[in-house]
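Biologist: Could we go through this structure together? I should like to begin with the domains.

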Amino acid sequence: MSDIHLIKVSKFFDNFQAVKNLDLEIGNGEFVALLGPSGCGKTTTMNMIAGLEHPTSGNILIDSKDTSSIRIQDRNIGFVFQNYAIFTHLTVYKNLSYGLEVQGYDKASIDDKVQKMAKRMSISHRLDQPAASLSVNELQKLAIGRSAIVEPKIFLLDEPLSNLDASFRAYMRSELKLLQREFGQTMVYVTHDQIEAMSLADKIAIMNEGSLIQYGPPLEVYNNPNSKFVSYFVGSPKINLLEGHLIPNSDSSSFVTNKDLAISFPSNEKLKQLSNSEKLGASIGIRPQNIKLSSKESDKDINLRGQIKIIERIGAKRLAHVQVDNHMITCIDDSGTASQHENVIMTFSPESFFLFSEENGNRLI
Amino acid sequence: MSFIQLNSVTKNFPKFTIGPCDLSIEKGEFFGIFGPPSSGKTSILKIILGLLSPDSGSFYLDNEEITHLAAHERNFSMVFQNLALFPHMNGRDNILFPAIESNVPESVYNERFDEVVDVLHISHILHKSPAQMSGGEKQRIALGRAFINKSSAILLDEPLSALDARLREEMKIELKRLQIEMNQTFVYVSHDEEEVLSISDRVGIMIDGKIRQIDDPSVVYDYPNSADVGRLIGSPPMNFFPASFDTSSKHLHIPNLDLKVKIERDDELPRKLLAGVRPEDFQLLEVANEDSFKSLVLNFEPLGSYTIVNLQCPHSEDVFKIRLNGQYNFEFKQSVDLAVHSNKVRLFNESEDLV
């Protein structure tokens with residue numbers, strides 16, 4: 001299997017910079033997700049690794065060899081496209097056997113491998129049928145099987161599950177995880193869905209507007225976001241973000257939002273260090289699961305009073321969307337008894353929120 | 001009779017039949033229709049809209065029969081999956097199009113326009129053309145266009161599927177807020193079960209052309225009326241295990257889990273059953289006890305605020321999933337002790353109906 005190094009890679013399309021000075025190390029056999037919103041540069045990055053695009057500047061090394069000297073067909077890369085790119089004029093069997101034929105395997109070996117892969121992807125019963133007759137879900141399985149069958153050292157997948165319905169997506173997530181464990185390839189997976197990235201990846205590379213924002217294991221990125229953007233993009237349900245000004249003092253600091261909601265809390269070590277500044281433009285981020293609904297205020301926590309506007313039930317969880325002054329804040333209803341229009345008290349610990357600088361979005365606390 | 005009423009509606013296609021379907025939607029309701037792809041849910045929406053005519057059955061709107069009334073006379077608005085905004089018009093003109101086309105007086109539609117723009121927060125994008133708008137912005141303009149005339153109901157066909165995952169979550173709540181604020185009846189179709197169940201007042205589950213269950217999402221979630229429905233609801237969905245019931249000891253035996261559970265019920269239960277347990281209804285124990293069973297961890301998904309674990313059944317090749325609150329770390333093939341409370345086990349008989 002192969003490792004991949006991107007060193008100060010930039011890509012321009014005319015005047016538009018799609019990828020900005022990207023440094024990324026993907027280890028041998030690692031499953032790395034490139035996660036970010038539409039237009040962040042993740043697909044362009046993957047296309048450069050594949051060789052479908054060339055970097056404008058910087059280097060990409062595969063197994064320490066600069067890719068500018070390796071032809072695409074020699075890079076040993078399997079690519080699963082978002083729209084499958086299946087050979088619709090061929091049968092399912094031929095789609096699977098094609099790559100092996102090109103590589104010069106004998107008929108018996110090809111048949112053996114095709115039968116095994118079809119069984120692995122649960123499409124054995126479709127082998128003799130034209131690929132065009134397959135359902136969307138079956139096409140997806142075929143696309144993955146076709147790439148996997150030639151045993152590439154690097155597997156690149158570009159939003160492979162985005163065309164599938166929700167329950168099949170969840171099923172394929174489990175399948176992909178098992179596949180990767182079995183085959184052990186280095187996998188690079190592009191997605192805009194943070195649940196997919198969290199569920200599948202060893203490491204997540206979060207991108208926005210062409211730049212790499214944070215790179216680390218899923219729980220690291222979730223528990224220790226380095227910026228407001230990462231805290232917003234990763235985590236389900238979505239984090240609550242309040243923008244405003246921090247007024248740090250040595251004993252007790254306060255935060256006033258742009259919509260005039262004021263909260264105060266005891267200053268911890270980091271806040272004491274900031275207390276030379278007068279007023280700091282900042283955002284507070286609190287995850288919904290760190291906010292509790294309570295019937296009374298708590299001395300050691302921050303308390304907010306508001307009215308429940310919407311109850312959202314997501315399977316096992318109930319979320320309450322609460323109007324606090326001019327803000328909508330989401331929290332989890334553990335009791336399962338909260339109701340719309342109810343007036344409530346929300347409490348959260350001062351240890352549980354993140355503080356981000358308004359200037360550059362970086363994490364302060 | 002309900003505001004929107006379908007009675008025994010059927011529609012025949014060459015390889016597929018929809019119905020007979022009965023559907024009653026109340027005024028001001030957020031009614032969701034969920035089902036796997038090709039279950040017939042978009043066709044039902046088209047029958048309501050009037051783009052398809054039923055082969056039998058009747059359709060009433062506000063007590064008036066409109067079964068064969070032309071689509072443009074029905075006073076429904078629709079938000080399409082691909083939005084279908086007019087690419088040559090800006091946001092404002094896209095929204096106003098239905099009002100102008102149906103000869104609504106300018107003073108009337110101007111007032112309505114201001115209301116709609118305010119509720120949707122779109123004053124800053126009205127001048128843009130669709131090509132200049134982001135996915136979320138286009139979505140709002142499509143909604144504005146659906147709201148401009150006071151229609152009897154707004155029909156939405158997978159309106160969020162073109163959006164990024166994070167934006168989908170935000171817009172979902174926006175849709176709910178809009179529906180409540182504008183006091184409008186919504187009929188909302190989606191293949192995303194979590195999405196439909198989270199914001200609908202009631203939901204209809206469609207499988208293979210038939211509506212199998214209609215109820216409050218909480219009821220459908222906690223008490224699916226059949227294993228078919230149970231298999232579709234929940235992320236991950238309900239786990240199913242073959243089971244047998246011993247009437248004398250009142251024990252439910254689940255051989256794949258090597259588990260016996262005491263069932264506190266007085267009614268007659270069939271001997272052979274299917275036991276359904278939701279992933280979040282398993283407990284992870286620190287130490288085994290007399291009611292627990294062991295399983296091996298195959299892999300796990302760390303999703304931040306919760307963890308999904310894929311486990312091997314102790315006595316079969318089958319895999320089942322559990323959902324734990326919080327963050328965990330497991331080794332491949334690590335043995336864990338699990339328990340399940342008897343009142344969380346749903347029982348289905350041989351025809352796979354809930355008992």
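Modeller: Certainly. Please note that this is a predicted model. For chain A, the domain assignment gives domain 1, covering 4–86 + 134–233, and domain 2, covering 240–357.

Biologist: What distance separates the centres of domain 1 and domain 2 of chain A?

Modeller: Taken over C-alpha atoms, the centres are 35 Å apart.

Biologist: And how many residues of each domain are in contact?

Modeller: Five residues of domain 1 of chain A contact five residues of domain 2 of chain A. On the domain 1 side, two residues are nonpolar, two are polar and one is charged.

Biologist: Now the two chains. How many residues does each chain bring to the contact?

Modeller: Chain B contributes 34 residues and chain A contributes 29 residues.

Biologist: Which element of chain B gives the most to that side?

Modeller: That is H5(B), with six residues. The elements of chain B that give two or more residues are helix H5 (165–181), helix H6 (193–199), helix H7 (217–222) and strand S16 (293–302).

Biologist: How do the residues on the chain B side divide by class?

Modeller: There are 13 nonpolar, ten polar and eleven charged residues on that side.

Biologist: One more topic: at what angle do H2(B) and H3(B) cross?

Modeller: Helix H2 (residues 91–101) and helix H3 (residues 106–120) of chain B cross at roughly 145 degrees, and their axes come within 11 Å. The crossing is right-handed.

Biologist: Which residues meet there?

Modeller: From H2(B), Ile95(B), Leu96(B) and Ala99(B) meet Tyr109(B), Phe113(B) and Val116(B) of H3(B). By class, this contact has six nonpolar residues, no polar and no charged.

Technical notes. Residues numbered from 1 in each chain as written. Chains lettered and ligands numbered in written order. Predicted model: local features only at pLDDT ≥ 70, side-chain atom pairs only at ≥ 80, totals over all residues. Axes fitted to C-alpha atoms, helices over the stretch in contact; angles between N-to-C directions. Helix = DSSP H or I, 4+ residues; strand = E, 2+ residues; numbered from the N terminus. Left-handed = near helix turned anticlockwise from the far one by under 90°. Contact = placed C-beta atoms within 7 Å. Nonpolar A, V, L, I, M, F, W, Y, C, P; charged D, E, K, R; others polar. Domains from an automatic or database assignment.
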